[in-house]
Amino acid sequence: MWRARIQSVEASDSEDSETDPDKPPIGVESDSDDDANVNDNRGGGDASVSNINRGGEDLREEQEQDRTTYTEDELMLLKKDRLKELLKKLGLKVGGNKKALVCRLLNASDNNAMTEEERLSMKSNAELKGLLRDKGWSQQGNKSVLVNRLLGKEKSAKKKVEWKKSRARELLQRLMYDDKSYVHNKTASEVYLTHEWFQDYPLGKFQVYFKDMKAAMEKHKRQVAMDNEAIERELARFPRNQMTNRGYPFWDTHEASRLLRRDVEAGTDQTMKPEQLRLTEDKYQEFPLSVFRNHLYQERRRQKELKMKMVQRNKIGKKKHLAEIEKNKTDWERAASNVEVTAVYEELVKMKLG
């Protein structure tokens with residue numbers, strides 16, 4: 001009874017086996033009592049066969065390492081580490097279970113190359129931000145946003161601003177406040193087409209906003225007129241005195257208020273005590289020292305707060321915002337005026353031709 005041990009050399013030893021049927025082939029063990037003698041006599045043969053076997057295995061390993069294309073069945077037989085190694089060579093992700101790795105390799109073989117998106121997705125956030133920094137682009141956002149920005153797929157979606165906080169509402173309000181504005185002669189649909197800010201909202205909603213604001217503005221104007229009349233009547237009945245009940249002028253309308261603001265801005269108040277500063281202007285001396293000192297401290301606090309970052313930023317932001325609204329209002333009125341002039345001219349031409 002013979003047991004095969006090395007299959008790769010059977011073919012080469014077939015001739016020797018045929019000439020001596022009782023002689024065991026090379027690399028075959030005998031179950032008889034003479035196994036030891038046979039092995040001793042053929043020790044050199046075993047060594048050569050072992051070398052051949054190892055050489056064959058090394059060759060197969062090299063071929064396996066160089067191989068990059070597999071069928072699905074072949075991939076499923078490979079170990080997970082080998083699958084990851086193949087994925088790394090292709091620059092693909094190595095995460096996931098075995099089935100996911102196989103699918104990724106099959107897709108890569110179908111595409112025959114890694115897409116730019118996959119290549120970028122393999123990079124870390126720091127690497128993606130470095131690429132964006134080199135291009136001078138924004139580095140804000142999560143990984144998918146950074147990848148899309150590099151691929152030119154980033155959606156420049158406008159952040160939807162609530163109507164009551166929007167520039168469109170403030171512009172429309174400014175236009176409606178102006179009694180001479182052309183907005184009073186136009187419908188909501190016509191106004192909607194005149195500015196891109198209005199078109200950030202659906203036409204149906206804008207028409208509702210327009211109608212509600214127009215009604216609110218008319219109500220507000222009536223209320224303001226009534227309030228002004230009431231104030232004027234009260235002022236006529238109880239005119240403001242030139243002096244307070246304590247016997248000195250009102251600070252808010254007095255020239256001393258402007259002079260003190262000037263001195264604090266120039267830093268003059270830092271070079272002397274309040275009582276000394278009071279003696280530098282005749283207008284200051286119309287107020288008692290205690291009153292003047294309190295107004296000096298108030299003015300210092302006011303100007304100090306103006307220099308604070310947050311307050312300054314908010315004031316500058318508000319100033320820019322109001323300037324933008326005013327510019328758009330002016331541009332809108334100018335455009336509306338040109339439209340009105342053109343319409344009148346066309347009517348005159350029609351009348352003349354008629």
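This briefing walks through a helix crossing, a one-sided helix and a loop lysine. Keep in mind that the model is predicted. The crossing pairs helix 10 with helix 12, the one-sided helix is helix 5, and the lysine is Lys273.

**Helix 10 against helix 12**
- Helix 10 spans residues 167–177 and helix 12 spans residues 203–237; their axes come within 10 Å of each other and cross at roughly 45 degrees.
- That makes the two helices oblique to each other, and their crossing is right-handed.
- On the helix 10 side, the contact is made by Arg169, Leu172, Gln173, Met176 and Tyr177.
- Helix 12 answers with Phe206, Phe210, Met213, Lys214, Met217, His220 and Lys221.
- Sort the residues of this contact by type and you get seven nonpolar, two polar and three charged.

**Helix 5 and its two faces**
- Helix 5 covers residues 80–90, and its buried residues include Arg82, Leu83, Leu86 and Leu87.
- These four cover an arc of only 140 degrees around the axis, so they sit on the same side of helix 5.
- Look at the face turned away from that buried side and you'll find Asp81 and Lys88, both exposed.
- Just after helix 5 comes Gly91, which takes a positive phi of about 75 degrees.

**Lys273 in its loop**
- You'll find Lys273 in the loop between helix 13 (255–266) and helix 14 (274–278).
- Lys273 has a relative accessible area of 52%, so it counts as exposed, the cut-off being over 50%.
- Arg293 is 20 residues from Lys273 in sequence, and the two are 9.6 Å apart in space, C-alpha to C-alpha.

Technical notes: Residues are numbered from 1 along each chain as its sequence is written. This is a predicted model: local features need pLDDT of at least 70, side-chain atom pairs count only at pLDDT 80 or more; totals for chains, interfaces and linings use all residues. Side-chain values use heavy atoms; hydrogens and water are left out. Axes are lines fitted to C-alpha atoms, for helices over the stretch in contact, and angles run from 0 to 180 degrees between N-to-C directions. Angles under 35 degrees count as roughly parallel, over 145 as roughly antiparallel, 65 to 115 as roughly perpendicular and the rest as oblique. A crossing is left-handed if the near helix is turned anticlockwise from the far one by less than a right angle, and right-handed if clockwise. Contact means heavy atoms within 4.5 Å. Ala, Val, Leu, Ile, Met, Phe, Trp, Tyr, Cys and Pro count as nonpolar, Asp, Glu, Lys and Arg as charged, and the others, Gly among them, as polar. Buried means under 20% relative accessible area, exposed over 50%, partly exposed in between (1.4 Å probe, protein chains only). The arc is that of the directions from the helix axis to the C-beta atoms.
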